[in-house]
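These notes are meant for a colleague who is opening the structure for the very first time. Please keep the sequence and the model in view while reading the points below.

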Amino acid sequence: MIVLGIETTCDETAAAVVERQDGSGRGKILSNIVRSQIADHAAFGGVVPEIAARAHVEVLDLLIARAMREAERGFHQIDGVAAAAGPGLIGGVIVGLTTAKAIALVREKPLIAVNHLEAHALTARLTDTVAFPYCLFLASGGHTQIVAVRGVGDYVRLGTTLDDAIGEAFDKTAKLLGLGYPGGPRVEKEAQFGDAGRFNLPRPMAGRIDCDFSLSGLKTALRLEAERIAPLTDEDVADLCAAFQQAVVDVVADRLRCGLRMFRDTFGPPTALVAAGGVAANQAIRKILHRLAFESGTVLVVPPPELCTDNGAMIAWAGAERLALGLTDTLDASPRARWPLGEVSKPAEPKHDTKRGTKSG
Ligand code: KG4
Ligand code: ZN
């Protein structure tokens with residue numbers, strides 16, 4: 001089955017065509033076009049929702065046409081149209097979902113209103129055919145979650161952040177230190193040359209038995225250190241980045257260790273630890289994820305960087321996985337700014353015929 005996917009929830013406009021084999025469930029990306037809006041927002045130090053929505057409108061139809069062309073498929077050859085219907089910046093979500101509805105209506109194709117987080121959660125099945133159940137660590141600019149992925153539409157959130165997302169903390173640190181946006185890659189680069197031991201930053205939530213995160217105390221501690229030693233030299237900036245990144249690595253190790261334990265206690269051993277979201281591109285974080293997977297007797301699966309960050313292929317793939325189970329949506333599907341994973345619809349439970357073998361069976 002072949003599905004067109006559209007992503008417009010944040011600052012990437014993306015369209016892709018993905019194929020899912022009916023029997024094996026294997027996936028293949030036929031095209032995957034992403035246009036990043038980073039340049040449009042850079043001057044503001046973060047994403048401006050109004051600018052984002054307008055930029056999606058300007059390029060989305062061109063991107064869809066290109067995705068279809070590169071996939072060498074016409075609209076009559078696709079089996080469904082998927083769009084991220086949330087969670088995200090509502091102006092952008094409306095643009096993507098409305099466009100998908102228009103195509104579905106005109107071409108008489110099923111619509112799949114995909115949860116953006118579900119798409120991140122299922123990407124590892126597109127790239128690595130990972131079986132359920134697995135433990136997802138999702139860390140992006142907007143989300144930090146540890147999730148038990150038990151099946152399509154069947155997600156149990158084990159932990160989340162009480163304040164900032166990890167990517168957001170990297171972005172705010174970069175802004176504070178004058179490194180620009182997006183901050184993650186720049187902080188990582190500076191950290192290479194810094195001395196992580198020079199500053200004593202906190203490891204918030206360490207030692208708690210749950211697996212929630214909190215990053216705002218770390219961010220404040222970093223700001224106080226920076227203010228204490230200002231004006232900052234290049235060496236100071238590198239040392240602060242290294243100390244911050246090491247603190248995040250330690251926090252991830254502590255929280256995810258608890259998350260994996262909770263997973264095991266409730267659902268048995270996971271088939272894999274799967275990482276998703278832009279933060280998974282960070283080498284120091286990847287290294288600790290490898291160690292954690294090894295410690296808990298499982299394997300680490302990290303989709304390639306271009307599929308960890310926001311893209312259309314993950315939406316098309318989630319659409320295909322849902323379509324394969326008959327999970328489609330009507331043209332009434334609403335765009336949603338908030339949409340927790342636990343509220344995603346799942347296939348109806350297989351009906352157990354309790355009367356089997358009896359007279360009426
Ligand atoms: O998944 P993503 O592309 O977009 C969403 O937020 O949905 O993630 C972007 C986030 C940004 O906060 C960015 O700073 C962070 O991922 N990021 C990184 C790295 N590359 C991107 N954080 C730490 N280290 C990196 N190398
Ligand atoms: Zn995302």
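1. A term is needed before the pocket is described: helices here are DSSP runs of H or I with at least four residues, and they are numbered from the N terminus. The model itself is predicted, which should be kept in mind throughout.

2. With that numbering, α5 gives the largest share of the lining of the largest pocket, namely six residues. The helices that each supply at least two residues of this lining are α4 (116–128), α5 (166–176) and α6 (183–191).

3. The largest pocket holds about 1,100 Å³ of space, and 38 residues line it, with Ser140, Gly141, Gly142, Asp171 and Tyr181 lying nearest its centre. Sorted by class, the lining comprises 17 polar, 13 nonpolar and eight charged residues.

4. Turning to the metal, which protein atoms serve as donors of the zinc ion (ligand 2)? They are NE2 of His116, NE2 of His120 and OD of Asp310, at 2.1 to 2.2 Å from the ion. Along the sequence these donor residues follow the spacing H-x3-H-x189-D.

5. Four donor atoms surround the zinc ion (ligand 2), and because the angles they subtend run from 88 to 143°, the arrangement is irregular. A tetrahedral assignment would require all angles to lie between 85 and 135 degrees.

6. His116 and His120 both belong to helix α4, where they are four residues apart and therefore separated by about one helical turn. His116 counts as buried because its relative accessibility is 4%, and His120 counts as buried because its value is 2%; the cut-off for buried is under 20%.

Definitions and conventions: Residues numbered from 1 in each chain as written. Chains lettered and ligands numbered in written order. Predicted model: local features only at pLDDT ≥ 70, side-chain atom pairs only at ≥ 80, totals over all residues. Heavy atoms only, no water. 1 Å grid on protein atoms, 1.4 Å probe; cavity = no way out; pocket = protein on both sides within 12 Å on 5 of 7 lines; lining within 4 Å. Points joined across faces, edges and corners; volume = space filled by probe spheres on them. Nonpolar A, V, L, I, M, F, W, Y, C, P; charged D, E, K, R; others polar. Donors = N, O, S within 2.8 Å, 3.2 Å for Na, K, Ca; no water. Tetrahedral: all angles 85-135°; square planar, octahedral: opposite > 155°, others 65-115°. Buried < 20%, exposed > 50% of the residue type's maximum accessible area, 1.4 Å probe, protein only.
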